[in-house]
Each structure stands twice: as structure tokens, then as C-alpha cells.
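User: Could you take a close look at one helix for me, along with what surrounds it? I'd enjoy a connected walk through that part, set in the context of the whole chain.

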Amino acid sequence: LSTLVVSYFRVADEGASMQAFDRLDSDTSKLVVLYLGRVGDATPATIADRLRLPLLTTLATVRYLVEEGLVRRLDGSDRVVLAEAARARRDRRPRLV
């Protein structure tokens, strides 16, 4: 897993997101962040299923990532998305005047 994570982030953006990723101690947290980076958004149940993790582990991991500011819940949904992606998506939404 560590080799996969290192390989992935060699081609990823350097900067704040890499520093935030480096703070994560748990391989499970890193897997969830990598998965969300690949698919965009997902429910905790989908994440658990795709990564073959126990649902309770995934729910605890998502809660931790939300508290750390790396992941955010989409409004009105149980779906989660990486925090930077959520901001970018919100900024692209047309504003009604």
C-alpha cells in the first residue's frame, strides 16, 4: 500500500493537499482519500464496498477526514467528496442573480 500511495502522489499536485495527505497516519484514511480523488464523490457504503472495508471502519474514517477538513459532505446528501473538489464544484455552479 505504501508503494501505491507514494507512486500515486509522485504524479499528484504538490502543495497543501500533499501536506494534508502526509499528515494521515492510517492506511485506511489514505485509501479513502485516494478513492475519492479517483471517483469524485461516493457514499460511505459505496466506499466500504469498493475498498472491501467494514462499513463501521469506513464511517469512522470518513468522520475523521471530515473533522480534519480533507473531506466534506455534499449538501442534502450522504455523499462525501474531497474538500478541494467540493470547493471547485461549488465555485463552478452558476449563481442566480
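**A close look at H3 and its surroundings**

Analyst: Happy to. Let's begin with the whole chain: among contacts between residues at least 6 apart in sequence, 46% join residues at least 24 apart. Please keep in mind that this is a predicted model. The protein chain has six helices and three strands, and along the sequence they follow the pattern α-α-α-β-α-α-β-β-α. Of its 97 residues, 34% count as buried. The accessible surface comes to about 6,600 Å², and carbon and sulfur atoms account for 51% of that.

Now to the helix itself. H3 covers residues 27–39, 13 residues in total, and spans 18 Å from its first C-alpha to its last, close to the 18 Å expected at 1.5 Å a residue. At its N-terminal end, Ser-26 acts as a cap: a side-chain oxygen of Ser-26 lies 3.0 Å from the backbone nitrogen of Thr-28. Thr-28 is also among the buried residues of H3, a list that continues with Ser-29, Lys-30, Val-32, Val-33, Leu-34, Tyr-35 and Leu-36. As a reminder, an α-helix has 3.6 residues a turn, so residues three or four places apart point the same way. Just after H3, Gly-40 takes a positive phi of about 100 degrees.

Next comes strand E1, residues 41–42, which includes Ala-42. Ala-42 counts as buried because its relative accessibility is 2%, under the 20% cut-off. Leaving aside residues up to four places away in sequence, Ala-42 touches Tyr-35, Leu-36, Ile-47, Asp-78, Arg-79 and Val-80. Two of these partners, Tyr-35 and Leu-36, belong to the buried set of H3. The C-alpha atoms of Ala-42 and Arg-73 are 9.7 Å apart, with their positions 31 residues apart along the chain.

Moving further along, helix H4 (44–51) is joined to H5 by a loop that holds Arg-52. Arg-52 has a positive phi of about 55 degrees although it is not a glycine. Arg-52 counts as exposed because its relative accessibility is 78%, over the 50% cut-off.

Helix H5 (residues 55–67) contains Leu-55, whose relative accessible area of 42% makes it partly exposed. Together with Leu-56 and Leu-59, Leu-55 forms a nonpolar patch on the surface, with about 290 Å² of accessible area for the three together.

Notes: Residues numbered from 1 in each chain as written. Predicted model: local features only at pLDDT ≥ 70, side-chain atom pairs only at ≥ 80, totals over all residues. Heavy atoms only, no water. Helix = DSSP H or I, 4+ residues; strand = E, 2+ residues; numbered from the N terminus. Expected span 1.5 Å × (residues − 1). Buried < 20%, exposed > 50% of the residue type's maximum accessible area, 1.4 Å probe, protein only. Polar contact = N/O pair within 3.5 Å; in protein donor to acceptor, adjacent residues only side chain to side chain. Patch = residues over 30% accessible without salt bridge, like charges linked within 9 Å, V, L, I, M, F, W, Y side chains within 5 Å. Areas by Shrake-Rupley, 256 points an atom, 1.4 Å probe, with all protein chains shown as cover. Salt bridge = Lys/Arg side-chain N within 4 Å of Asp/Glu carboxyl O. Contact = heavy atoms within 4.5 Å.
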